[in-house]
Amino acid sequence: MCLPRTFFIITLSTILVGIIGCASKRLKFKDAEPVRYFNDIHSIPMPESVRTERFDYYATVLPSRPELKAQIIPTGQYALDVNSIDEVPASSWYIPRLGYETISPEDLLFGPTELGPPRLPITVIRVRNPEHNPRFLVYDRRNIYYLIKMDPPGYPNIATNSSFIVNRLFWGFGCHVPEDHLFSFSNEDIKIDPESRIRSSELDSILTRVALPVQGSYKAVASRIIEGQPLGPISEKGVRKDDPNDLFPHQKRRVLRGFRVFCALTNMCDISTDNTLDMYVGEEGKGFVKHYLVDFDDAFGTHAAREKRLWAGYNQLFSLNDILKNLFTIGFRIEDWEKVKPSPWRSVGSFESTFFRAKDWKETHPFEPIRNSQPADNYWAAKIVGALTREHFEILVEKSGYPEPGAKDYMIQTLMERRHKILKYFLGLVTPIELDHYDEGKLILKNMNKIFLKNESKDSLYVAHFYDGYDREISKPMQFVSHLAILNVAIDNAIIQKSNGYLRVDISIERGTEKGEIPVEFHFRQKPNSRIQLVGVVH
Amino acid sequence: MSNLKQGTGKSIFFKFTTICLPWILIFGLANSQPICCQSDRTQTEERDKPKFLKKRKSRETWEQILSFPGTALIFPFKMLFKGVGKTLSVLYVPQKVGALYDFLHSDDGLRYAIPTYSTRGGAGFKIYQKNLINEGSLLKLRATMGLNFRQKYELSLKGIKLSGRSVLIDFILGYRLLVDESFFGIGPNTTTADRSTFAQELSWIHLGFNGGFGSRISMKTLLTLEQNNIYKSRDKDNTHTVDLYSKDDIPGLETKVKILGGQFDFIYDSRDMKGGPTSGQEILLNIGIFNQIQTNEYGYWKVKADLRQYIHLFYGRTLVLRLAGEMTEPFTNKTVPFYSLSELGRRETIRGFKRGRFRDYDMILGSVEYYYPIRKTTANTVDTFLFLDAGQVANNIVKDFEFDTLRIGFGGGVVVHNKESEALRFMVGRSEEQYRFYLVINY
């Protein structure tokens, strides 16, 4: 065999072995408390402001789909912004709320409120998009600045309600969001700033392009302008190079990957970099970058109504896969969205739950973190959604105001059904078991599927495997059957001794509606008196 | 030899160790410690400086290596998208085009310009001005130019309302130059070997009077004056028709033929939408009489019927059935210029044949099209369609119709449309003779 060929074979084999070796390497956790708060708000000089060029964005996003790239391997990797127990610590990206603190419906309704809605009269400085979906930059009588958004013509309440409800929901999910409020104003309550270039007749003309006023009052949502220096959108991939606090590539952040679940619940299909905003908060040189999610008015049925896209939430803007399937099936492939009919309520549009499938929900423009989301990311987000109750939805829908009879109940029911489908699917991608605590030789576990979906009537068969720190199985697998949501798993002292200081317990569900493909791993380190302490969780 | 080798090795190492290394150490030590003592304040600042952790890479090296083939494969597409994006961003920005853009587009949407293209007419633009004379009036200017300087210009002013009356007036002025049209002879059995080419220059003035009867029915009376000139074509590879035939053989093979016409249209349109209809009917009946002025050699009447039925099958899948016919009859002792005969072979008749492939006095045509959507964007839909066309020309279609001489064309295409109009239609037609490709944009 000649030398170059030998060299080539050895090199290729080395690379392959290395790859396989890296792929199969198990995680092992240090003996340390999990990080609950990640300090990424060190003072930094103000980074440069960036803009998204729309065509550059399409050029990057649309041809880069995995099927077009003939991707050999999936690009998704385990999220980097998680701690040892598979949770996301608080940071400039995320505050743990729903699922981690008790957030009552009233708390959720209050949400990000600080200064409240605008105090009339409001004075217009500038108008954006006067032809289509106008937005007004105004200040109120306290000189507080707001961005005012209104409903599209023919669809009263659809965008304003969506903006308010989804703003509160994302606040509950833990995102940083601006302070959005519903309010009403009449023609007498709106003035024009003397230094503005808008004429009165122009303003009147713009107001004819929004939903008609009811008894002389326009309904609007006011989004308080966030304090700080805007730096532009959050990039989908990579990091902000001139922000030393920004360590993890954004497509590998669980906080952003979790949008797949949050946006599926609310049908926020227009999620893209345009819905994100980096703000430099603090004095120049002493501040840091805080990451916000903005613009929630295109959720629920608004996007479909405004843009005439019944397929919003079911398809991406460009999907070569779908186009080819439709082309070669000669019209006999019926997509789910084709069966969707707009609801009888203009304030609801085509927001529905019958044809909604959590697995198949898609954002309009491919959003890199969502496309890279892993089962563990979606499970984390699903747990947060699971903390929402009917009462949460009721209070938000009630406050928004759906004047058409039946619309309110329909919205609440649809949200609950979508929540149910999301939980059923995303919790089923992993083994949805959490460790509540360890108590005197017993692991107290929670089956999140049974807790959220309340299906304790059915038995599930669990299997637990025990390993030491070298991946050696140190005991026979333990099987147990239970229909309860809370499980007690006894850990024999002998198992703890055999583990030699590091014990891994893998639990899988072999039978039951919540059977997952990936077992959950609980990693423990041995403490004095044969006690064990949880040091790591892998879903 | 071996001693010399060893001696050389030791010597270099010794030199490095004794001369260079101390300097490296001194240099390193000098930079690791400040020359003067640090103040407490500076030390505090150093301690207070946040220790930023290392940023993680967007993609690991092994990911980049393994996805390199795919990345290389899409690189041309990515550059194409970027190029188109850059071009559009330059052209789209009104400031750059400035006064011309403001002239062509008005904020109220009443005036706008759009590009247009057809394989027959070439590329160009259309400018619209609505409500110029009265509400509902439409001024349209179209200019296109194609290969070998084929051209079409048309100025039309439609929907002019006479005061207090429900009749609308249309006025159209146009010019067209087709430089390499084909002529295969007259009759249903002409062959491709008989092909010759000619250039046709046509100018026209149309004056129409429209009346509507509800939203579905309209009638129009049209007065037309047309002048035709037939020349040698610019096609150097084929025989010229004017060289092969004379005016006596083929009526119309001359210049400055002015024909005055009077036509009557009956239109019934119950389609659910104008662009991409899924249900309804479209019926066009036209009867016209035409006579040459000045020479009085040509004179004929023509009857056309075009019926389309749109059948909604399921979820936007639509079947379109079409039946069309045309009869031309010369007046006593007069003839019909060949270009006014019934014709099969355009994209509006049988697809897959050359334009003007079959000519005769009468024509019958049937067509089946099946439309199904493959993509819906904002307000546009992209439909794919399959079609089958069949037709025949004859001297007298009632007597001479034969299934054996029925000409068939089939194929498919893509159409992009919204509810009002079609933006783009691309078709590929196949006949027993050849493939033909058709592309029309905003036609």
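## Domains

The domain assignment splits chain A into two parts. Domain 1 is assembled from three segments, 57-82, 244-274 and 305-427. Domain 2 is the single segment 433-538. The model is predicted. Between the C-alpha centres of domain 1 and domain 2 of chain A the distance is 32 Å.

## Chain overview

Chain A has 539 residues, and 44% of them count as buried. Its secondary structure comprises 16 helices and 17 strands. Among contacts in chain A with a separation of 6 or more, 74% join residues 24 or more positions apart.

## Where the domains touch

How many residues of domain 1 of chain A are in contact with domain 2 of chain A? Seven, and they meet six residues of domain 2. On the domain 1 side, two helices of chain A each supply at least two residues: α12 (375-386) and α14 (407-427). The largest share comes from α14(A), with four residues. By class, this side of domain 1 holds three nonpolar, two polar and two charged residues.

## Helix packing: α13 and α14

Helix α14(A) also packs with α13 (residues 390-400) of chain A. Two packed helices are described by the angle between their axes and the distance between the axes. Here the axes come within 10 Å and cross at roughly 145 degrees. The crossing of α13(A) past α14(A) is right-handed.

From α13(A), the contact draws on A:Arg390, A:Phe393, A:Glu394 and A:Val397. From α14(A), it takes A:Lys408, A:Met411, A:Ile412, A:Leu415 and A:Met416. Six of the residues in this contact are nonpolar and three are charged. No polar residue takes part.

## The five-stranded sheet

Chain A contains an open sheet of five strands, with antiparallel pairing. The strand order is β13-β12-β15-β16-β17. Which strands form the edges? They are β13 (478-482) and β17 (531-538) of chain A, each pairing on one side only. On average, neighbouring strands of this sheet are turned by 25 degrees against each other, direction ignored.

At one end of the order, β17(A) pairs with β16 (residues 520-527) of chain A. This antiparallel pairing runs over seven bridges. In β17(A), A:Gly536 is the bridge partner of A:His523.

Key. Residues are numbered from 1 along each chain as its sequence is written. Chains are lettered from A and ligands numbered from 1 in the order in which they are written. This is a predicted model: local features need pLDDT of at least 70, side-chain atom pairs count only at pLDDT 80 or more; totals for chains, interfaces and linings use all residues. A residue is buried if 20 or more other C-beta atoms lie within 10 Å of its own, exposed if 12 or fewer, and partly exposed in between; C-beta atoms are placed from the backbone. Two residues are in contact if their C-beta atoms, placed from the backbone, lie within 7 Å. Domain bounds come from an automatic or database domain assignment. Ala, Val, Leu, Ile, Met, Phe, Trp, Tyr, Cys and Pro count as nonpolar, Asp, Glu, Lys and Arg as charged, and the others, Gly among them, as polar. Axes are lines fitted to C-alpha atoms, for helices over the stretch in contact, and angles run from 0 to 180 degrees between N-to-C directions. A crossing is left-handed if the near helix is turned anticlockwise from the far one by less than a right angle, and right-handed if clockwise. Two strands pair if DSSP finds at least two bridges between them.
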